[in-house]
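Q: I should like to learn how the surroundings of a bound ligand are read from a model. Where should such a reading begin?

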Amino acid sequence: MGKDYLKVRVPATSANLGAGFDVFGIALENPADIIEVEKSDKTTITVSGRDSQFVPVDPKKNTAGIVASLLDKPVKINIQRGIPLSSGLGSSAAPAAGVAFALNEMFSLGLSKEELVRIAAQGEKAASGAAHADNVAPAIYGGFVIVHKDRIISLYPENIGIVAVHPEIIVSTRAARAILPRKLTLADISFNTGNAASMVVGMMKSDIKLIGESMENRVIEEVRSKLIKGYRQVKKSALDSGASGVTISGSGPTMIAVCSMNERENIAKAMKQAFSDNHIRSEAFITTIGNGAKIIES
Ligand code: HSE
């Protein structure tokens with residue numbers, strides 16, 4: 001039997017991991033959004049928490065409201081935001097994924113995880129202009145996901161230290177996509193393919209060194225790094241402090257480092273210092289690869 005009320009926790013996510021542009025994504029243990037859904041005769045949205053004043057409450061303009069409409073299930077949605085907005089940490093994907101997941105449970109829709117990803121990606125399309133699923137998929141599956149063609153493959157590496165440092169810089173996904181080149185050279189394709197392949201093996205083996213060393217995309221990172229003041233110093237500071245790799249999280253501006261669990265604090269401090277040396281305030285999330293959306297109250 002379905003339920004009248006559900007509260008779910010949906011994690012932040014980091015897309016691309018360098019080489020896997022629009023293909024790879026991971027769920028982070030924190031930060032997360034908390035989403036409450038209650039049966040109603042029409043869809044309404046309330047938003048509280050971090051950056052809530054900037055989130056549209058019109059269900060036609062909110063990723064979560066669009067998902068409710070696609071599933072034709074009117075509900076009261078309350079979003080308690082913990083994921084910073086426009087950060088490259090899947091802030092528009094989380095509510096879409098959370099509501100798709102919650103409505104499937106609430107109305108016993110029997111949709112598979114793959115179908116939920118497809119629907120949530122449609123919700124996200126409204127925000128970014130493109131239905132790429134590399135944030136909504138890890139938000140639903142957890143772990144590391146490969147989204148390719150109509151297939152989603154998930155892996156669950158363990159004890160991977162992650163430091164995500166979010167600088168106070170505004171980067172819109174739409175703008176960060178618009179500046180990308182439309183063509184790559186053969187050498188760049190070969191480089192990225194090699195990194196993507198070794199990233200998958202790194203995730204299969206929970207091999208922090210291999211994951212970090214594979215986390216580089218020659219073309220996209222180079223172009224997008226220009227949108228992040230202090231990018232080079234922040235990257236260097238993380239590598240000098242022991243990170244095995246650093247890249248831009250999704251379309252940025254958050255930068256994400258991979259390291260062993262006990263190096264995270266030091267690396268976070270160094271990355272924050274490097275942003276600060278560039279007169280940019282930042283916030284560090286010390287985390288790991290975590291679970292997907294889950295019910296926390298019903
Ligand atoms: N793969 C997408 C991009 C993620 O890099 O544009 C956006 O969050």
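A: It may begin with residue classes: Ala, Val, Leu, Ile, Met, Phe, Trp, Tyr, Cys and Pro count as nonpolar, Asp, Glu, Lys and Arg as charged, and the others, Gly among them, as polar. In this predicted model, the shell around the ligand holds two nonpolar, six polar and four charged residues.

Q: Which residues surround the ligand?

A: Around the ligand stand Ala15, Asn16, Phe21, Asp22, His132, Asp134, Asn135, Thr173, Arg177, Arg224, Gly250 and Ser251.

Q: How is a polar contact with the ligand recognised?

A: A pair of N or O atoms within 3.5 Å counts as a polar contact. Here, a side-chain N or O atom of Arg177 is 2.6 Å from an oxygen atom of the ligand. For Asn16, the distance from a side-chain N or O atom to a ligand oxygen atom is 2.7 Å, and a polar side-chain atom of Asn135 lies 3.1 Å from an oxygen atom of the ligand. The protein covers 96% of the 260 Å² of accessible area that the ligand has on its own.

Q: In which pocket does the ligand sit, and where does it lie with respect to the domains?

A: The ligand occupies the largest pocket. Domain 1 (5-155 + 290-297) and domain 2 (161-288) both contribute residues to the shell, so the ligand lies between them.

Q: How are the two domains placed relative to each other?

A: The centres of domain 1 and domain 2, taken over C-alpha atoms, are 23 Å apart. Their contact takes 32 residues from domain 1 and 34 residues from domain 2.

Terms used:
Residues are numbered from 1 along each chain as its sequence is written. This is a predicted model: local features need pLDDT of at least 70, side-chain atom pairs count only at pLDDT 80 or more; totals for chains, interfaces and linings use all residues. Side-chain values use heavy atoms; hydrogens and water are left out. A residue is near a molecule or strand if one of its heavy atoms lies within 4 Å of it. A polar contact is a pair of N or O atoms within 3.5 Å; within protein, one must be able to donate a hydrogen and the other to accept it, and residues adjacent in sequence count only if both atoms are side-chain atoms. Accessible areas come from the Shrake-Rupley method with a 1.4 Å probe; for residues, only the protein chains shown count as cover. On a 1 Å grid over the protein atoms alone, a cavity is a set of points where a 1.4 Å probe fits but cannot get out, and a pocket is an open set with protein on both sides within 12 Å along at least five of seven lines; lining residues have an atom within 4 Å of a point. A molecule sits in a cavity or pocket if more than half of its atoms lie within 2 Å of its grid points. Domain bounds come from an automatic or database domain assignment. Contact means heavy atoms within 4.5 Å.
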